[in-house]
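Thanks for making the time this morning. I would like to walk through one model, going from the overall fold to a helix, then to the empty spaces, and finally to some backbone details.

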Amino acid sequence: MATAALSFTFIKTSSSHHQNPSKLRVFSIRCSSVIAAPGLAERPWKVSDARLVLEDGSVWKAKSFGASGTQVGEVVFNTSLTGYQEILTDPSYAGQFVLMTNPHIGNTGVNFDDEEAKQCFLAGLVIRSLSISTSNWRCKETLDNYLAKRNIMGIYDVDTRAITRRLRQDGSLIGVLSTDESKTVEELLDMSRSWDIVGIDLISGVSCKEPYEWIDKTKPDWDFNSDRDGKTFSVVAYDFGIKHNILRRLTSYGCKITVVPSTWPASETLKLNPDGVLFSNVKEIIGKVPVFGICMGHQLLGQALGGKTFKMKFGHHGGNHPVRNLRTGDVEISAQNHNYAVDPASLPEGVEVTHVNLNDGSCAGLAYPEKNIMSLQYHPEASPGPHDSDYAFREFVELMKKVKQNA
């Protein structure tokens, strides 16, 4: 490194016609700059220091934020315009890189009220533009610092539109995100082609280890539609990666909730004598108490009833998916996050398809009236997303009330 400097001297005189030499003012200014050696020039902006290598062989240079390192995961795109913090803490994204199609992310920062779990479960975040400032009255921290503290990698200044088109055409792809310059593209490509999310047990990593009681309701400032008659219903909720706002909505509708691990025995659940069960794939419970399945719970119920599930091309991820309620004819704008779907043709007689995704016609809801079962493939609690489907929690409460009255 070398330093170049220039010095200037200015003499300021009085405005009087009779100058007094003793009142002359002398100013000296020294300007200097650092001249870097060739090849070592520092730029005033961040340069590309990360790579996303997809299993199809494409390499995407980007700039990093959050944590550093090397991580493998399945790349999916999410079309939500807002709610990136809820997405970051949604346990359903375990093992996945989430690409946000909305280009500008981070402008509202993060706060601790919008978290859907106690930690982040996704493998990484891919965005087009990272906001250089935050502007929100609830902001407690920048997105960059939030991810760094939780050891989650993020990249920006990458062509998210081009990657999204590739995913829509070819389906979800395995990718490797790395800030390690020592790793070659060939090494990263081998990593992406030797890993597969199918068959990996992700549930055990997101489920609670011991049962616990949930008591928090939706806060009054955010509450809506929670019309209730004062009656309380006990519900056992299996944790397959359950979101906090599902529990808050049920509590707001008058439910007393006990959350149990995904491996909790059916016999122990029945000992609690619940009025209803949320998210159960246990055949011993079906038909004995009302059951409501959401997202993975919907798929697990489909399998428990004898149906089959299949992996979708690129899944549904976003807060703007249209769904038709076949019972009412109403169209709901829903929040969705799933890569698998139930095959309605494989379901036994008596099981009714209640909702259909209008984008691709896939099964979005089931009911088995004879067994007091209902399920939705999407998220009625939204968070983030519209509240069109919040009525589903009321329907579950009504189902428990009816069964309890007829017992």
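Let me begin with a term that I will need for the helix: two residues are in contact when they have heavy atoms within 4.5 Å of each other. Please also keep in mind that what you see is a predicted model.

For the overall picture, the protein chain has 407 residues, of which 50% are buried, and its secondary structure comprises 9 helices and 21 strands. If we take the contacts between residues at least 6 apart in sequence, 72% of them join residues at least 24 apart.

Now to helix α4, which covers residues 185-193 and whose buried residues are Leu188, Leu189 and Ser192. Looking down the axis of α4, we find these buried residues within an arc of 100°, and so they line one face of the helix. The general background is that an α-helix has 3.6 residues a turn, so residues three or four places apart point the same way. And what do the buried residues of α4 pack against? Their partners are three strands, namely β3 at 50-54, β5 at 70-78 and β11 at 173-178.

Let me turn to the pockets. The volume of the largest pocket is about 870 Å³, and 36 residues line this pocket, with Glu86, Asp114, Arg138, Trp222 and Ser383 the closest to its centre. Elements that each supply at least two residues of that lining are α1 (84-88), β7 (104-105) and α6 (244-252), and it is α6 that gives the largest share, with 4 residues. By class, the lining of the largest pocket holds 9 nonpolar, 16 polar and 11 charged residues.

The second largest pocket contains about 700 Å³ of space. Its lining is made up of 33 residues, and those nearest the centre are Ser92, Leu202, Met296, Gln299 and Tyr340. Two or more lining residues come from each of α5 (203-206), α8 (296-304), β17 (308-325) and β18 (331-343), while the largest share, 5 residues, belongs to α8. The class counts for the second largest pocket are 17 nonpolar, 13 polar and 3 charged, to be set beside the 9 nonpolar, 16 polar and 11 charged residues that line the largest pocket.

Beyond the pockets, a search of the whole structure for cavities of 30 Å³ or more returns 1 cavity, with a volume of about 100 Å³. Of its 16 lining residues, Asp90, Ala335, Gln336, Asn337 and Pro384 are the closest to the centre. At least two lining residues are supplied by each of α1, β17 and β18, and β18 contributes the largest share, which is 3 residues. The lining of this cavity divides into 5 nonpolar, 8 polar and 3 charged residues.

Two of these cavity residues deserve a further word. Asparagine 337 sits in strand β18 and counts as buried because its relative accessibility is 5%, below the 20% limit for that class. Apart from neighbours within four places in sequence, asparagine 337 has contacts with Asp90, Ser92, Tyr93, Cys295, His316, His317 and His379. Its C-alpha atom is 6.6 Å from that of glycine 318, although the two residues are 19 apart along the chain.

The other residue is proline 384, in the loop between β21 (373-376) and α9 (391-406). A cis peptide bond, with omega of about 0°, joins serine 383 to proline 384.

Staying with the backbone, as a general matter most residues other than glycine have a negative phi, and most peptide bonds are trans. Against that background, asparagine 151 has a positive phi of about 55°, and asparagine 372 has a positive phi near 60°. Asparagine 151 lies in the loop between α2 (143-149) and β10 (153-156), whereas asparagine 372 is in the loop between β20 (363-368) and β21. Which of the two classes, buried or exposed, applies to asparagine 151? Asparagine 151 is exposed, at 59% relative accessible area, while asparagine 372 is buried, at 17%.

Finally, the cysteines. Cysteine 295 is buried at 7% relative accessibility, as is cysteine 363 at 3%. When pairs of cysteine sulfur atoms within 2.5 Å are sought, the count of disulfides is 0.

Terms used. Residues are numbered from 1 along each chain as its sequence is written. This is a predicted model: local features need pLDDT of at least 70, side-chain atom pairs count only at pLDDT 80 or more; totals for chains, interfaces and linings use all residues. Side-chain values use heavy atoms; hydrogens and water are left out. Buried means under 20% relative accessible area, exposed over 50%, partly exposed in between (1.4 Å probe, protein chains only). The arc is that of the directions from the helix axis to the C-beta atoms. On a 1 Å grid over the protein atoms alone, a cavity is a set of points where a 1.4 Å probe fits but cannot get out, and a pocket is an open set with protein on both sides within 12 Å along at least five of seven lines; lining residues have an atom within 4 Å of a point. Grid points are joined across faces, edges and corners, and a volume is the space filled by probe spheres set on the points. Ala, Val, Leu, Ile, Met, Phe, Trp, Tyr, Cys and Pro count as nonpolar, Asp, Glu, Lys and Arg as charged, and the others, Gly among them, as polar.
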